[in-house]
Amino acid sequence: MLTTALLLASIPAPVVNVPALSQQLLTWQPGEIRCNGQAVAGAAMRRPDIALATTDPQRMRSIAYRFAIDDAGRPHSIMREGDAFIPFGQDIGPALAASRFPAGAERADCTIRYTPQFASLEQAPIADLAAYSIFPAGPKLPRTGWDRLGAVGNCGDRPRPAVLLRAYPDFSKVAATPGARDWSLVIFDTDADGRPVHARVAHGTDNADLDAAAVEAVRGSRFTGGARTGCLYPYWRAAGRLTAPDKPYEGQMRPADARCPAKIDWAIRPNSSYPPAYRQRAIEGWAILSFDAAPWGEVGNVKLLDAQPSADFGQQAIQILRSGRVAPSTQGATGCVETVQFRMPDQDGQSADEE
């Protein structure tokens, strides 16, 4: 088990006027959920990360997923339809894996389609601008976005207030949301002595513990610059661990005619690599694969037998297994079965100032 051209100068090129594409916020909107042909209501859907895109919206397509739901309301067996590359879609599968559905009954043959929606920086919701500024999945938020965020008050006027004391929440006392990072953007004023007043949450993910702790931390901070209005500061909490579903015993998947030792002797152990979007959401998973090994140790014929909660873990595991090399042997091996587990280390909450 593994843890972890020729230049034709005489012919001038035609001049083509291509309109410049502007940066826009891209969000993925989940559509109707159906299981066995019946609509499913009451789902608590996690939102895929917002992207800052410079692309032609007409070229973007919706993305469909198939999955099942266990009796606790957790989605599993998640698989995207089609294998074409989808720009800015890397967090859709993880967001679905972190979502929850009404408990009480298992559901199969479930489908959902996510549709891309674009909004200019001048028209995008302020909360979306704030969310992207805290978790920028790409370039930093442009000045247009920051100007809208800081449009209220004079806190952004120069000379800007300097931090004399920055207080932080005790993140160990802030409940984490499994599979989702939480954030609170606090807006506040300062008095003539640089003490924050009128602190309150402007936008956030509705984590009550984090909201209260963020407001208290702002009240404990101190600044230069005298009386100001409309100051902003964000705090965020890392996602809580979402443990992997139970896995079957890999031995029962071993082919009857397998010729492979029970314990693989690795000459070069496979490289461990966690799917980035799932690591960001602290979602754990596993994959069970079969493979053969040549007498000189090369791994081949790698097949995915099962992966949970998403096929994404299986694709990652295939790449991991192929990076290894088995110890040389006289006859090689066939029908080997190996489990790749993806486990998260312990994590703490963070603020905007920390990496």
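Select Arg66 first: this residue stands opposite Met79 in strand S7. Helices (H or I, at least four residues) and strands (E, at least two) are DSSP runs, numbered from the N terminus. The model is predicted, so local features need pLDDT of at least 70 and side-chain atom pairs count only at pLDDT 80 or more, whereas totals for chains, interfaces and linings use all residues. Residues are numbered from 1 along each chain as its sequence is written, and side-chain values use heavy atoms, with hydrogens and water left out.

**The S6–S7 hairpin**

Extend the selection to residues 63-69 (S6) and 75-80 (S7), which pair in the antiparallel sense over four bridges; two strands pair if DSSP finds at least two bridges between them. Five residues separate S6 and S7 in this hairpin, and Gly73 in the turn has a positive phi of about 90 degrees. Next, select Ser77, which lies in strand S7. Its phi is near 50 degrees, a positive value in a residue other than glycine. Ser77 counts as partly exposed at 33% relative accessibility; buried means under 20% relative accessible area, exposed over 50%, and partly exposed in between (1.4 Å probe, protein chains only).

Asp109, in strand S8 (residues 107-120), also has a positive phi, of about 50 degrees, although it is not a glycine. At 47% relative accessibility, Asp109 counts as partly exposed.

**Helices H2 and H4**

Move to helix H2 (residues 126-134), where Asp128, Leu129, Ala130, Ala131, Tyr132 and Ile134 are buried. Among the elements that cover these residues are strand S2 (24-30), helix H3 (143-149) and strand S10 (182-190); contact means heavy atoms within 4.5 Å.

Then select helix H4 (residues 208-219). Its end C-alpha atoms are 17 Å apart, which agrees with the 16 Å that its 12 residues should span at 1.5 Å a residue; the expected span is 1.5 Å times one less than the number of residues. The buried residues of H4, including Leu210, Val215 and Val218, pack against S10, strand S11 (196-204) and S13. At the N-terminal end of H4, Asn207 acts as a cap: a side-chain oxygen lies 3.1 Å from the backbone nitrogen of Asp209.

**Aromatic pairs**

The whole structure holds 11 aromatic pairs. Rings of Phe, Tyr and Trp (its six-membered ring) pair if their centres lie within 6.5 Å; planes under 30 degrees apart count as stacked, over 60 as edge-to-face and the rest as tilted. Show Tyr274 and Phe313, an edge-to-face pair at 6.5 Å centre to centre with 80 degrees between the planes. Tyr274 lies in the loop between strand S14 (266-268) and helix H5 (276-280) and Phe313 in helix H6 (residues 311-322), so the pair ties together parts that are 39 residues apart in sequence. Both Tyr274 and Phe313 are buried. Add Tyr278: its ring centre is 4.6 Å from that of Phe313 and the planes are at 50 degrees, so this pair is tilted. Ring pairs link Tyr274, Tyr278, Phe313 and Phe342 into a cluster.

**Charges over rings**

Select Arg166, whose charged end sits over the ring of Tyr233, 3.5 Å from its centre. The charged end of Arg181 sits over the ring of Phe135, 3.8 Å from its centre. The criterion is NZ of Lys or CZ of Arg within 6 Å of the ring centre and within 35 degrees of the ring normal.

**Cis peptide bonds**

Finish at Pro159, in the loop between H3 and strand S9 (163-165); the peptide bond from Arg158 to Pro159 is cis, with omega near 0 degrees. The bond from Gln308 to Pro309 is cis, with omega near 0 degrees, and Pro309 is placed in the loop between strand S16 (299-308) and H6.

Terms used:
Polar contact = N/O pair within 3.5 Å; in protein donor to acceptor, adjacent residues only side chain to side chain.
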